[in-house]
Amino acid sequence: GGPRLAELLAAGRRLWEELEAGAEPSSGAPAVQDKVRQGLDALQRAAAMVAQLELFSENEELDEVSSADLKFLLLPALLGALTLKQVDLSRRQQHLESARDHFLRFLKLCRSYGLGTFQLPPAAPGDEGAESPPGDPRGAQPSLVAMAMSRNANIERYKQKKELENKLASMRSFVESGTADDDQIREFYILQIQKWISISLEELESIDQEMVILKSRDVARQAPAAPRGPPRPVRAPVRPFILTRDAAQARVFGAGYPGLPTMTVDDWYEQRRRQGIVSGQSVPQRAPGVSDEELQKQQQEKKEEEDDEEALQKARSWDDWKDTHPRGYGNRQNMG
């Protein structure tokens with residue numbers, strides 16, 4: 001009638017140990033993921049049998065559990081460990097939540113049997129079953145004292161785990177060869193359970209950290225892109241033209257260059273204002289009745305006051321030269 005419960009547990013455990021040994025270079029290699037699937041299948045079938053037989057209850061004492069049955073307490077912890085070895089990134093959140101449930105179920109069962117005194121980790125978002133440390137309101141920033149205590153607890157847990165592994169290694173051959181008595185078998189399985197309590201607490205801490213990272217990444221992906229300001233209006237291409245200071249210059253220069261339109265500064269500002277490129281404030285303001293020449297003179301006087309003597313002299317010389325030399329003067333190569 002199919003593999004027995006002990007065989008399913010042994011098969012799942014053996015596959016986990018092979019995966020931990022890390023013979024394959026990549027956790028995503030097909031051979032590795034085949035072992036993960038086979039291990040999960042064996043352990044899930046074993047867990048279903050344990051539930052059907054009602055081997056464990058949170059209301060009974062450890063003495064009431066037979067030595068041979070103690071090893072089946074490890075099933076949820078092994079299921080959690082193998083669940084984490086799946087590499088499908090699209091389902092990573094689901095795998096983390098599933099593994100967390102397995103480890104918590106194992107720890108709660110262990111604590112109900114008095115197998116170790118430990119604090120269950122703070123609740124994950126949406127998890128009402130886990131605990132918060134006394135005096136530490138949820139959502140509060142961990143204090144430096146709490147962080148130091150946690151670090152010391154981790155160091156102590158690491159030392160205990162190493163001691164347990166050494167004891168287990170020395171006892172394994174007795175138990176597996178069948179020469180160990182009932183007390184030795186019982187001690188061996190209790191030591192294994194205590195080792196997995198330590199592993200489960202470490203894995204839960206790691207899972208919670210990874211879940212925070214995944215959630216912050218999801219939030220960043222879903223956040224709308226920051227607005228980059230209103231789109232710039234599309235400007236019509238500007239045709240070449242000669243910009244003159246006043247209407248008189250426009251008539252003079254326009255005569256020599258029939259191919260290019262001429263435009264005064266005021267006309268140019270007005271055109272740009274209509275196109276919405278410059279505001280009305282950008283147009284030079286003039287008093288009513290002031291002619292182009294008077295406005296030009298006022299602007300020149302203001303500039304002269306601001307410039308130093310040398311710059312003023314250059315400006316005057318340049319203006320005098322322009323008055324007696326029309327545009328294009330001296331260009332003998334391209335005579336029309």
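In which helix do W318 and W321 both lie, and how many residues apart are they? Both tryptophans belong to helix α10, which covers residues 309-324, and they are three residues apart, about one turn of the helix. The legends below describe this pair and other side-chain contacts in a predicted model.

**Figure 1. The aromatic pair of W318 and W321 in helix α10.** The rings of W318 and W321 form a stacked pair, with 5.7 Å from centre to centre and 5 degrees between the planes. The pair counts as stacked because its planes are under 30 degrees apart. W321 is partly exposed, its relative accessible area being 39%.

**Figure 2. The aromatic pair of F188 and Y189.** The count of aromatic pairs in the model comes to four. One of them joins F188 and Y189 in a tilted arrangement, with the ring centres 5.7 Å apart and an angle of 55 degrees between the planes. F188 counts as buried, at 3% relative accessibility. Y189 is buried as well, with a relative accessible area of 12%. Both residues receive this label because buried means under 20% relative accessible area.

**Figure 3. The salt bridge between E18 and R14 in helix α1.** Side chains of opposite charge can pair when their charged atoms come close. In the model, 16 salt bridges are counted. Among them is the contact between the side chains of E18 and R14, at 3.6 Å from N to O. The two residues lie in helix α1, residues 5-21, and are four residues apart, about one turn of the helix. E18 is partly exposed, with a relative accessible area of 32%, and R14 is also partly exposed, with 44%.

**Figure 4. The salt bridge between E18 and K35, linking helix α1 with helix α2.** The side chains of E18 and K35 meet at 3.0 Å, N to O. This pair connects distant parts of the chain, since E18 is in helix α1 and K35 is in helix α2, residues 30-53, with their positions 17 residues apart. K35 counts as partly exposed, at 29% relative accessibility. Together, R14, E18 and K35 are linked in a network of salt bridges.

**Figure 5. The salt bridge between R221 and D218 in helix α6.** The side chains of R221 and D218 form a salt bridge of 3.9 Å, N to O. Both residues lie in helix α6, residues 182-222, and are three residues apart, about one turn of the helix. R221 counts as exposed, at 65% relative accessibility, whereas D218 is partly exposed, with a relative accessible area of 33%.

Terms used: Residues numbered from 1 in each chain as written. Predicted model: local features only at pLDDT ≥ 70, side-chain atom pairs only at ≥ 80, totals over all residues. Heavy atoms only, no water. Phe/Tyr/Trp six-rings, centres within 6.5 Å; stacked < 30°, edge-to-face > 60°. Buried < 20%, exposed > 50% of the residue type's maximum accessible area, 1.4 Å probe, protein only. Salt bridge = Lys/Arg side-chain N within 4 Å of Asp/Glu carboxyl O.
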